[in-house]
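This briefing goes through one protein chain by topic. Please keep the sequence and the structure open while reading.

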Amino acid sequence: GYTAASMLDDSPASFPAGPGQPPYEPRNYDREYEGPITLRRALEQSRNVPTIRLMAALDPKNVIPYARSLGISSPLPPYLSIAIGSAEATLLEMVSAYSAFPNQGVRMTPTMVLQVIDRDGDVLGQQRAEPHEALRADTAYIVTNLLRGVVQRGTGASAAKLNWPIGGKTGT
């Protein structure tokens, strides 16, 4: 139900961390807060606190299945901090996950070798990336647009000098 224009709260926050644990108090990288901001701005500026608040509103147990559908198979504990990268994932998993966004929701399983050709140019073996329906095409379009904003106006602006139609996400 959230959109790029949904308002999120970028102000200090504290969350219960469990019995006998101090509260979880995430901070933004710059230790500053902007108050109410759009989801788009929170993503473009890599704001930790609104991202954690969004994860709390959605519940990690409801978010993790989306990561799984995008090909993340590494362990993802149901903690709020996974929203800002506290869990590990391999580069291969991340490449596979991000492939779904510009590909209309179809995730491609990365392949290391596409073809084996002998010295005469004959194809000895060939492998094709395996497609997986990961998310709706309209959702993939919106996420791609949001990721382009990170490069156009956000923390990934230095990549804009490549002068390619690219998107990305900085941070963990």
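Which residue follows α3, and what is the sign of its phi? Gly-71 follows α3, and its phi is positive, near 100°. The model is predicted, and every value below is computed from it. The points start with the whole chain and then move to helix α3, the salt bridges, the segment before β1 and a surface patch.

**Whole chain**

- The secondary structure of the chain consists of five helices and six strands.
- Read from the N terminus, the order of elements is β-β-α-α-α-α-β-β-β-β-α.
- Along the principal axes, the C-alpha atoms fill a box of roughly 65 × 40 × 30 Å.
- The chain has 172 residues, and 30% of them are buried.
- Among contacts with a separation of 6 or more, 49% are between residues 24 or more positions apart.
- The exposed area of the chain is about 11200 Å², of which carbon and sulfur atoms supply 56%.

**Helix α3**

- Helix α3 covers residues 60-69, and its buried residues are Pro-60, Ile-64 and Ala-67.
- Viewed down the axis of α3, these buried residues fall within an arc of 55°, so they line one face of the helix.
- The cover over the buried residues of α3 includes α2, residues 48-58.
- At the N-terminal end, Asp-59 caps α3, with a side-chain oxygen 2.9 Å from the backbone nitrogen of Lys-61.
- On the other side of the helix in sequence, α3 is followed by Gly-71 with its positive phi.

**Salt bridges**

- The structure has eight salt bridges.
- One network of salt bridges links Asp-10, Asp-30, Glu-34, Arg-41 and Arg-47.
- Within this group, Glu-34 pairs with Arg-41, and their closest N and O atoms are 2.7 Å apart.
- Glu-34 is partly exposed at 34% relative accessibility, and Arg-41 is partly exposed at 34% relative accessibility.
- Glu-34 also forms a salt bridge with Arg-47, at 3.9 Å from N to O.
- This pair links distant parts of the chain: Arg-47 sits in the loop between α1 (39-44) and α2, while Glu-34 sits in the loop between β1 (7-10) and β2 (35-38), 13 residues apart.
- Is Arg-47 buried or exposed? Arg-47 counts as buried because its relative accessibility is 5%, and the cut-off for buried is under 20%.
- Another salt bridge joins the side chains of Arg-136 and Asp-138, at 2.5 Å from N to O.
- Arg-136 is exposed, with a relative accessible area of 57%, whereas Asp-138 is partly exposed, with 38%.

**Segment before β1**

- Ser-6 lies in the segment before β1 and is buried, with a relative accessible area of 15%.
- The side chain of Ser-6 reaches the backbone nitrogen of Thr-3 at 2.8 Å.
- Not counting residues up to four places away in sequence, Ser-6 touches Ile-37, Thr-38 and Leu-39.
- Tyr-2 also has its place in the segment before β1, and Tyr-2 is partly exposed at 42% relative accessibility.
- Which residues does Tyr-2 contact, leaving aside its neighbours within four places in sequence? Tyr-2 is in contact with Leu-8, Leu-39, Leu-54, Ala-57 and Leu-58.
- Tyr-2 and Leu-39 are 37 residues apart in sequence, and their C-alpha atoms are 8.2 Å apart in space.
- Leu-39 is thus named among the contacts of Ser-6 and among those of Tyr-2.

**Nonpolar surface patch**

- Leu-92, Met-112, Val-113, Val-116 and Leu-124 form a nonpolar patch on the surface.
- Together, the residues of this patch have about 510 Å² of accessible area.
- One of them, Val-113, is in the loop between β3 (106-109) and β4 (115-117).
- Val-113 is partly exposed, with a relative accessible area of 44%.

Definitions and conventions
Residues are numbered from 1 along each chain as its sequence is written. This is a predicted model: local features need pLDDT of at least 70, side-chain atom pairs count only at pLDDT 80 or more; totals for chains, interfaces and linings use all residues. Side-chain values use heavy atoms; hydrogens and water are left out. Buried means under 20% relative accessible area, exposed over 50%, partly exposed in between (1.4 Å probe, protein chains only). Helices (H or I, at least four residues) and strands (E, at least two) are DSSP runs, numbered from the N terminus. The arc is that of the directions from the helix axis to the C-beta atoms. Contact means heavy atoms within 4.5 Å. A polar contact is a pair of N or O atoms within 3.5 Å; within protein, one must be able to donate a hydrogen and the other to accept it, and residues adjacent in sequence count only if both atoms are side-chain atoms. Patches are made of residues with over 30% relative accessible area and no salt bridge: like charges are joined within 9 Å, nonpolar side chains (Val, Leu, Ile, Met, Phe, Trp, Tyr) within 5 Å. Accessible areas come from the Shrake-Rupley method with a 1.4 Å probe; for residues, only the protein chains shown count as cover. A salt bridge is a side-chain nitrogen of Lys or Arg within 4 Å of a carboxyl oxygen of Asp or Glu.
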